[in-house]
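Colleague: Please show me the model. Then let us go through it in short turns.

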Amino acid sequence: MIRDGSLLSALTALFERYWEDATPLSIDGSGSATDIHTAPQSPSALDRKLLSLLLAGLGDETIAAQTGLSRRTVQRHVQRMMQLTGAATRMQLAWEAAHRDWL
């Protein structure tokens with residue numbers, strides 16, 4: 001018999017936290033699981049360049065100057081990549097880019 005207690009509450013909270021961060025899987029016709037984060041959506045050459053400059057620690061102004069884009073355009077590209085990967089921060093975007101072999 002399982003009784004409600006602090007250990008059960010802690011384990012439930014831990015499970016819920018891991019569930020939120022879990023990587024969704026898709027089952028294909030053969031029954032194989034595939035990671036939906038490795039979907040065929042590849043970044044463009046410009047996106048890869050922007051990611052490499054972001055990972056080098058450069059700011060938006062510097063990236064804009066090196067790529068010949070406006071600062072706002074750089075920010076829009078970064079925001080689009082963040083939405084594509086589900087990243088909430090630029091640090092998460094960097095991790096997702098590395099995880100997806102975008103770099």
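**Fold and one helix**

Modeller: In the protein chain, 34% of the contacts (heavy atoms within 4.5 Å) with a separation of 6 or more are between residues 24 or more positions apart. This is a predicted model: local features need pLDDT of at least 70, side-chain atom pairs count only at pLDDT 80 or more, and totals for chains, interfaces and linings use all residues. Residues are numbered from 1 along each chain as its sequence is written, and side-chain values use heavy atoms, with hydrogens and water left out.

Colleague: What pattern does the protein chain follow along the sequence?

Modeller: Helices (H or I, at least four residues) and strands (E, at least two) are DSSP runs, numbered from the N terminus. The protein chain has five helices and two strands. Read along the sequence, the pattern is α-β-β-α-α-α-α.

Colleague: What share of the 103 residues in the protein chain is buried?

Modeller: Buried means under 20% relative accessible area, exposed over 50%, and partly exposed in between, with a 1.4 Å probe and protein chains only. Of the 103 residues in the protein chain, the buried share is 24%.

Colleague: What does helix α4 reach from its first C-alpha to its last?

Modeller: Helix α4 covers residues 71-85, which is 15 residues. The expected span is 1.5 Å times one less than the number of residues. For α4 that expectation is 21 Å, and the helix reaches close to it, at 21 Å.

Colleague: Which helices do the buried residues of α4 pack against?

Modeller: The buried residues of α4 include V74, H77, V78 and M81. Those four also meet α2, where L46, D47, L50, L51 and L54 take part. In full, the buried residues of α4 pack against α2 (45-55), α3 (60-67) and α5 (90-99).

Colleague: Is α2 roughly parallel or roughly perpendicular to α4?

Modeller: Axes are lines fitted to C-alpha atoms, for helices over the stretch in contact, and angles run from 0 to 180 degrees between N-to-C directions. The two helices pack at about 95°, with axes 11 Å apart. Angles under 35 degrees count as roughly parallel, over 145 as roughly antiparallel, 65 to 115 as roughly perpendicular and the rest as oblique. So α2 is, relative to α4, roughly perpendicular.

Colleague: Which residues is Q75 in contact with, leaving aside neighbours within four places in sequence?

Modeller: Q75 is found in helix α4. Q75 is buried, because its relative accessible area is 18%. Beyond those neighbours, the contacts of Q75 are D60 and R90.
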